[in-house]
Amino acid sequence: MRTLADPSELGRPAAGVCIALGMFDGVHLGHQHVVRQAALDARALGAVPVAVTFHPHPLAVVHPDRAPRLLQSPAQRLRALAGLGMDAALVLRFDRDLAAIDGPGFIHRLAEGFGRIRSVTVGHGFHFGRDRSGNVPLLRSLGRSLGFATHAVAPIHIGPERVSSTRVRSALREGRLGLVAELLGRPYALGGVVVAGRRLARTLGFPTANIDVSALELPPLGVYAARAIVEGTRQRAVMNLGCKPTVEGGDATPLLEVHLLDVRPDLYGCELEVEPVRMLRPERRFPSIEALREQIARDAEVARSVLG
């Protein structure tokens, strides 16, 4: 899948584009319904299916105090969109300039850049443009004048509540990983680029891959049996999500540390995904580094048993 920063980079395909439009944070079941509709349209019309999304989250620009933490890294979101049949993803940098464009201006900008829009698919309650002034009726009106069909996909419900990024975040904070996976339609995974750490875990005999998850919504802090996706395969792992309270008083920001149980690849600079399977224990402070080492060894053995 091609990743675009501007619509013109696609080269104005002759048969036009079919757009799935949204933030798509988490690419949950509701988002998947939107994206698949755009893919179906494109297949029927011979057009190019394109996901149009944003980074950072619009609220991070217009209302920073209300901005949510994200459910996925940008790379995870793009992989999920590619897996749903998108040929390209336009990732628009959301800044003050973009926030100032009204709804009609935003859609006209897409039409001018892509050359021809055949359909636009959004969620039923989707809003766009300055002050969220654009909505589905406006999109239908613009579609009639610009020659594209508009699809407003109804929400999906699991139980009495609809599937939404807000609901996924709430379930995640509560540690309800089974419900999170049900809402996403796939196992939940944390993702990010492996960064250099203090290498303390290596001296303890348990080298870890460290991932900065400061921008992400997180499950409860603690130690988990997990599966790490390494070069397309799932490897057994122990995952520590926490602030390392035993080491130098701990850190203010949680860090994800992943110890692979069966392999020792060099992962620095690589994008790594980790699927927490079961929490083994909450994060806690140990009286000494030696006590921490002993507990990590026990955690590894329990994780092996859990993961089979």
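So, α7 and α8: their axes come within 8 Å of each other, and they cross at roughly 160°. That crossing angle is over 145, the cut-off for this label, so the two helices are roughly antiparallel to each other. Keep in mind that this is a predicted model. As for the hand, α7 goes past α8 in a left-handed crossing.

Who's actually touching whom? On the α7 side you have R167, V168, A171 and L172, and they meet L177, L179, V180, L183 and L184 of α8. Sort the residues of that contact by class and you get eight nonpolar, no polar and one charged.

Okay, second helix pair. Helix α5, residues 103–114, packs with helix α6, residues 136–146, at an angle of about 40°, and here the axes are 11 Å apart. That makes α5 oblique to α6. The hand of this crossing is right-handed. From α5, the contact takes in G103, P104, I107, H108 and A111, while α6 brings L138, L139, L142 and L146. The class split for this one is seven nonpolar, two polar and no charged.

Let's move on to the pockets. Rolling a probe the size of a water molecule over the atoms shows where empty space is left. The largest pocket here holds about 1300 Å³ of space. Which elements give two or more residues to its lining? Those are α1 (29–45), α2 (59–62), α4 (96–99), β5 (117–123) and α7 (165–173). In total, 44 residues line that pocket, and if you want to find its centre on the screen, go to M23, G125, F126, H127 and R132, which lie nearest to it. By class, the lining is made up of 22 nonpolar, 14 polar and eight charged residues.

Then there's the second largest pocket, with a volume of about 280 Å³. Our helix pair from the start comes back here: α7 and α8 (177–184) each give two or more residues to the lining, as do α3 (74–83) and β14 (271–282). The largest share comes from α3, with three residues. The whole lining is 19 residues, and nearest the centre you'll find Q76, R186, P187, A189 and E273. Split by class, that's ten nonpolar, four polar and five charged.

Two of those centre residues, A189 and E273, lead on to I229. Where is I229? In strand β11, residues 222–230. Its C-alpha atom is 9.3 Å from that of A189, and the two residues are 40 apart along the chain. I229 also touches E273, along with R234, L272 and E275, leaving out residues up to four places away in sequence.

Last bit: backbone oddities. Most residues other than glycine have a negative phi, and most peptide bonds are trans. We have an exception to each. The peptide bond running from H55 to P56 is cis, with omega near 0°. You'll see P56 in the loop that links β3 (48–55) and α2; that's the α2 we met in the lining of the largest pocket.

The other one is R12, a residue other than glycine with a positive phi, near 50°. R12 is in the loop between β1 (2–4) and β2 (17–21).

To wrap up, α7 is the helix I'd come back to on the screen. It packs roughly antiparallel to α8, gives two or more residues to the lining of the largest pocket, and does so again for the second largest pocket. Happy to go back to any of these views.

Notes: Residues numbered from 1 in each chain as written. Predicted model: local features only at pLDDT ≥ 70, side-chain atom pairs only at ≥ 80, totals over all residues. Heavy atoms only, no water. 1 Å grid on protein atoms, 1.4 Å probe; cavity = no way out; pocket = protein on both sides within 12 Å on 5 of 7 lines; lining within 4 Å. Points joined across faces, edges and corners; volume = space filled by probe spheres on them. Helix = DSSP H or I, 4+ residues; strand = E, 2+ residues; numbered from the N terminus. Nonpolar A, V, L, I, M, F, W, Y, C, P; charged D, E, K, R; others polar. Axes fitted to C-alpha atoms, helices over the stretch in contact; angles between N-to-C directions. Parallel < 35°, antiparallel > 145°, perpendicular 65-115°, else oblique. Left-handed = near helix turned anticlockwise from the far one by under 90°. Contact = heavy atoms within 4.5 Å.
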